[in-house]
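Here are a few exercises to work through with the model open beside you. Try each task before you read its solution.

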Amino acid sequence: MRPSLKKGPYINVKLEKRIFAMNESGKKVVVKTWARASMISPDFVGHTVAVHNGKKFCPVYVTQKMVGHKLGEFAPTRTFRGHAGNKKR
């Protein structure tokens, strides 16, 4: 079930404040976050956000096409190593 439209998108407040501060100062610093459910707003474009995937932080460079998606979509949590029967001799 989707979130209510009248409530608006969920954006982590702490993350949003840090991005706004970087936009005002003009600095480009990698921001670490655990907020995988946070939605990407247009203010995030051009910044690199390191999203935690449960084991490590995956750097995600935000582009215009990512606006409206969630940060967790771009930091995979599982590693596919292949099927057991596909061993090459």
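A contact here means heavy atoms within 4.5 Å. Keep in mind that this is a predicted model.

**Exercise 1. Sketch the overall fold, then work out what share of the contacts with a separation of 6 or more comes from residues 24 or more positions apart.**

Step 1: go through the secondary structure, and you get one helix and three strands. Read along the sequence, that gives α-β-β-β.

Step 2: look at the dimensions. The C-alpha trace spans about 55 × 35 × 25 Å along its principal axes. The radius of gyration is 16 Å, whereas a compact globule of 89 residues would come in near 12 Å.

Step 3: turn to the contacts. Among those with a separation of 6 or more, 41% are between residues 24 or more positions apart.

**Exercise 2. Describe the surface and the charges of the protein.**

Step 1: take burial. Of the 89 residues, 28% count as buried.

Step 2: take the exposed area, which is about 7,100 Å², with carbon and sulfur atoms supplying 56% of it.

Step 3: tally the charged side chains. There are 19 positive and 4 negative ones, and the centres of the two sets lie 17 Å apart.

**Exercise 3. Work out how strands β2 and β3 are joined.**

Step 1: β2 covers residues 48–52, and it runs antiparallel to β3 with five bridges between them. One pairing to find on screen is Val49 with Val60 of β3.

Step 2: check the turn. The hairpin has four residues between its strands, and Gly54 takes a positive phi near 105 degrees.

Step 3: follow the side chains along β3. Cys58 and Val60 point to one face and are buried, while Phe57, Pro59 and Tyr61 point to the other and are not.

**Exercise 4. Thr33 and Phe57 touch each other. Which of the labels buried, partly exposed or exposed fits Thr33, and which fits Phe57?**

Step 1: place them. Thr33 sits in strand β1, residues 31–33, and Phe57 in strand β3, residues 57–61.

Step 2: apply the cut-off. Buried means under 20% relative accessible area. Thr33 has 5%, so Thr33 is buried. Phe57 has 24%, so Phe57 is partly exposed.

Step 3: list the neighbours, skipping those within four places in sequence. Thr33 contacts Leu15, Val49, Ala50, Val51, His52, Phe57 and Leu71. Phe57 contacts Lys32, Thr33, Trp34, Ala50, Val51 and His52.

Step 4: pick one of those pairs. Phe57 and Lys32 are 25 residues apart along the chain, yet their C-alpha atoms are separated by 7.2 Å.

Methods:
Residues are numbered from 1 along each chain as its sequence is written. This is a predicted model: local features need pLDDT of at least 70, side-chain atom pairs count only at pLDDT 80 or more; totals for chains, interfaces and linings use all residues. Side-chain values use heavy atoms; hydrogens and water are left out. Helices (H or I, at least four residues) and strands (E, at least two) are DSSP runs, numbered from the N terminus. The radius of gyration is taken over C-alpha atoms; the globule rule is 2.2 Å times the number of residues to the power 0.38. Buried means under 20% relative accessible area, exposed over 50%, partly exposed in between (1.4 Å probe, protein chains only). Accessible areas come from the Shrake-Rupley method with a 1.4 Å probe; for residues, only the protein chains shown count as cover. Lys and Arg count as positive and Asp and Glu as negative; His and the chain ends are not counted. The place of a charge is taken as NZ of Lys, CZ of Arg, CG of Asp or CD of Glu. Two strands pair if DSSP finds at least two bridges between them.
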